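Thanks, everyone. I'll keep this brief and take the model one piece at a time. Please have a look at it first.

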Amino acid sequence: MESDAELVLTGMAAAPLIMALVAATGALVPWLPRRVYPAVAVTYGVAWQSAAAGVLGAWSPAAPLAGVVIGLAASGLYSGAVSPALGSWRSGR
């Protein structure tokens with residue numbers, strides 16, 4: 001049970017990290033359309049959570065599903081952080 005709590009904590013900590021990885025991926029691959037950023041975030045989330053589950057010895061079939069949730073949370077954080085910034089840039093503020 002202790003490793004489940006650690007797995008949840010690593011997942012919660014991963015969302016901002018995945019958000020940064022998506023931003024870095026967008027900067028490194030400029031031809032990548034912005035509409036695929038959520039898929040990139042989900043991929044990073046699944047990879048992160050699967051790796052964390054393996055390292056913590058808490059592997060279960062639910063680990064990749066938790067990674068999908070973490071990736072979607074990171075995608076929401078990213079769009080919430082970028083949209084207001086782009087909106088103010090476009091309006092000239």
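**Helix H2 and its surroundings**

Let me start with helix H2, residues 37-56. Does its length add up? What span should its 20 residues cover at 1.5 Å a residue? The expected span is one less than the number of residues, times that rise. So the 20 residues of H2 should span 28 Å, and the end C-alpha atoms are 28 Å apart, which agrees.

Keep in mind that this is a predicted model. The average pLDDT over the protein is 80, and 78% of the residues score at least 70. Confidence varies by element. H2 has the highest mean pLDDT, 90. Helix H3, residues 62-91, has the lowest, 72.

Now the overall picture. The protein has three helices and zero strands. Along the sequence, the pattern reads α-α-α. There are 93 residues, and 27% of them count as buried. The protein exposes about 5800 Å², with carbon and sulfur atoms supplying 72% of that area. What about contacts along the chain? Take those with a separation of 6 or more: 66% of them join residues 24 or more positions apart.

Back to H2. Which of its residues are buried? They are Tyr37, Val40, Ala41, Gly45, Gln49, Ala52 and Ala53. Look at the spacing in that list. In general, an α-helix has 3.6 residues a turn, so residues three or four places apart point the same way.

One residue on that list deserves a stop: Gln49, in helix H2. Its relative accessibility is 3%, so Gln49 counts as buried, the cut-off being under 20%. What does Gln49 touch, beyond residues up to four places away in sequence? The partners are Leu7, Thr10, Gly11, Ala63, Ala66, Gly67 and Ile70.

Move to the end of H2. Gly57 follows the helix, and its phi is positive, near 70 degrees. Gly57 sits in the loop between H2 and H3. Is Gly57 buried or exposed? At 63% relative accessibility, Gly57 is exposed, because the cut-off is over 50%. Here is a pairing to check on your screen. Gly57 and Leu7 are 50 residues apart in sequence, yet their C-alpha atoms are 9.6 Å apart.

On to helix H1, residues 2-28. I picked three residues there, and I'll start with Thr25.

Thr25 belongs to H1. With a relative accessible area of 15%, Thr25 is buried. Set aside its neighbours within four places in sequence, and Thr25 is in contact with Leu32, Val40 and Tyr44. Val40 we have met already: it is one of the buried residues of H2.

Next, Ala20, also found in H1. At 44% relative accessibility, Ala20 counts as partly exposed. Ala20 and Ala74 are 54 residues apart along the chain. Their C-alpha atoms are separated by 9.0 Å.

Last, Met12, again in H1. Met12 has 57% relative accessibility, so this residue counts as exposed. Which residues join Met12 in a nonpolar patch on the surface? They are Val8 and Leu9. Together with Met12, they have about 320 Å² of accessible area.

To recap in three residues: Gln49 is buried at 3%, Ala20 is partly exposed at 44%, and Met12 is exposed at 57%. Remember the confidence, too: H3 has the lowest mean pLDDT of the elements. Over to you for questions.

Notes. Residues are numbered from 1 along each chain as its sequence is written. This is a predicted model: local features need pLDDT of at least 70, side-chain atom pairs count only at pLDDT 80 or more; totals for chains, interfaces and linings use all residues. Side-chain values use heavy atoms; hydrogens and water are left out. Patches are made of residues with over 30% relative accessible area and no salt bridge: like charges are joined within 9 Å, nonpolar side chains (Val, Leu, Ile, Met, Phe, Trp, Tyr) within 5 Å. Accessible areas come from the Shrake-Rupley method with a 1.4 Å probe; for residues, only the protein chains shown count as cover. A salt bridge is a side-chain nitrogen of Lys or Arg within 4 Å of a carboxyl oxygen of Asp or Glu. Helices (H or I, at least four residues) and strands (E, at least two) are DSSP runs, numbered from the N terminus. Buried means under 20% relative accessible area, exposed over 50%, partly exposed in between (1.4 Å probe, protein chains only). Contact means heavy atoms within 4.5 Å. pLDDT is the predictor's confidence in each residue, from 0 to 100.
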